[in-house]
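Got a protein chain in front of you and not sure where to start? Let's go through it together, one question at a time.

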Amino acid sequence: MAVNGKRKGRDAEEELVRKIREQGFPKVRRSQQYCGKSGESADLVGLPNIHIECKRVEKLNIFEAIKQALRDVMTSGTNKLACVFHRKNKERWLVTMTLEDWFELYRLSDLSDVDELDEVGE
């Protein structure tokens, strides 16, 4: 990877760390921030149960990025949810994950409380 590409990747990771910390997760940091690779294959660490791949490119192959995240989770032997946090220049950050992982999060949230659901037509 070219020096500019590495710098852009580092800058994207640092930007995403700031965004996540603003949401109330102060322990998030770059995995390579201290003394090189820490043994963690995620780009960012400190968000419990989430494996974060950070991508800031104009043309992202999201399927390859998800495959990478899933492969890394499998290799690590953890049950973390594989997520790709990504954005293009001048765009908002997005998070992509598998449908199964999304439903796991949804079931654990208050949003899935069936007593609170608004039925169409009611």
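Below are some questions and answers about this predicted model.

Q: In what order do the elements of the protein chain run from the N terminus on?
A: Start by taking stock: the protein chain has three helices and five strands. Now follow the chain from the N terminus and note each element as you meet it, which gives the order α-β-β-β-α-β-β-α.

Q: How far apart are the end C-alpha atoms of helix H2, and what span should its residues give?
A: Helix H2 covers residues 62-76, so there are 15 residues to count, at 1.5 Å a residue. The expected span uses one less than the number of residues. That gives an expected 21 Å, and the end C-alpha atoms agree with it, being apart by 21 Å.

Q: Within what arc do the buried residues of H2 fall, seen down the axis?
A: The buried residues in H2 are Ala65, Ile66, Ala69, Asp72 and Val73. Looking down the axis of H2, you'd see them line one face of the helix, because they fall within an arc of 125°.

Q: Which residues are exposed on the other side of H2?
A: One face of H2 is lined by its buried residues, and strands S3 (50-55), S4 (81-86) and S5 (94-96) are among what covers them. Flip to the other side of the helix and you get the exposed ones: Phe63, Met74 and Thr75.

Q: Which residue follows H2, and what is its phi?
A: Step just past the end of H2 and check the backbone there. The residue is Gly77, and its phi is positive, near 75°.

Q: Is Glu53 buried or exposed?
A: Glu53 lies in strand S3. Its contacts beyond its close sequence neighbours include Gln68, Ala69 and Asp72, as well as Cys83, Val84 and Phe85. To count as buried, a residue needs a relative accessible area under 20%. Glu53 comes in at 1%, so the answer is buried.

Q: How many Å apart in space are Glu53 and Val84?
A: Along the sequence, Glu53 and Val84 are 31 residues apart. In space it's another story: C-alpha to C-alpha, the two are apart by 4.7 Å.

Q: Where do Glu14 and Arg10 lie, and how many Å separate N and O in their salt bridge?
A: Both Glu14 and Arg10 lie in helix H1 (residues 3-22), four residues apart, or about one turn of the helix. In an α-helix, residues three or four places apart point the same way, because there are 3.6 residues a turn. Glu14 is partly exposed at 33% relative accessible area, and Arg10 is partly exposed too, at 34%. From N to O, their salt bridge comes to 3.9 Å.

Q: Which residue meets Glu13 in a salt bridge?
A: The salt bridge of Glu13 has an N to O distance of 2.7 Å. It links distant parts of the chain, with Glu13 in helix H1 and its partner in strand S1 (residues 29-30), 17 residues apart. Glu13 is buried at 10% relative accessible area, and the partner is buried at 14%. That partner is Arg30.

Q: How many residues apart are Glu15 and Arg56?
A: The side chains of Glu15 and Arg56 meet in a salt bridge of 3.7 Å, N to O. Glu15 sits in helix H1 and Arg56 in the loop between S3 and H2, so the pair links distant parts of the chain. Their separation in sequence is 41 residues.

Q: How many salt bridges does a search of the whole structure find?
A: Some of them share partners, and those join Arg10, Asp11 and Glu14 into one network. Search the whole structure and the total is six.

Q: What is the phi of Lys90, and where is this residue found?
A: Most residues other than glycine have a negative phi. Lys90 is not a glycine, yet its phi is positive. Lys90 is exposed, with 82% relative accessibility, and is found in the loop between S4 and S5. Its phi is about 65°.

Q: Which residue in the loop between strand S2 (44-45) and S3 has a positive phi although it is not a glycine?
A: The residue in that loop is exposed, with a relative accessible area of 55%. Its phi is about 70°, and its name is Asn49.

Methods
Residues numbered from 1 in each chain as written. Predicted model: local features only at pLDDT ≥ 70, side-chain atom pairs only at ≥ 80, totals over all residues. Heavy atoms only, no water. Helix = DSSP H or I, 4+ residues; strand = E, 2+ residues; numbered from the N terminus. Buried < 20%, exposed > 50% of the residue type's maximum accessible area, 1.4 Å probe, protein only. Arc of directions from axis to C-beta. Contact = heavy atoms within 4.5 Å. Salt bridge = Lys/Arg side-chain N within 4 Å of Asp/Glu carboxyl O.
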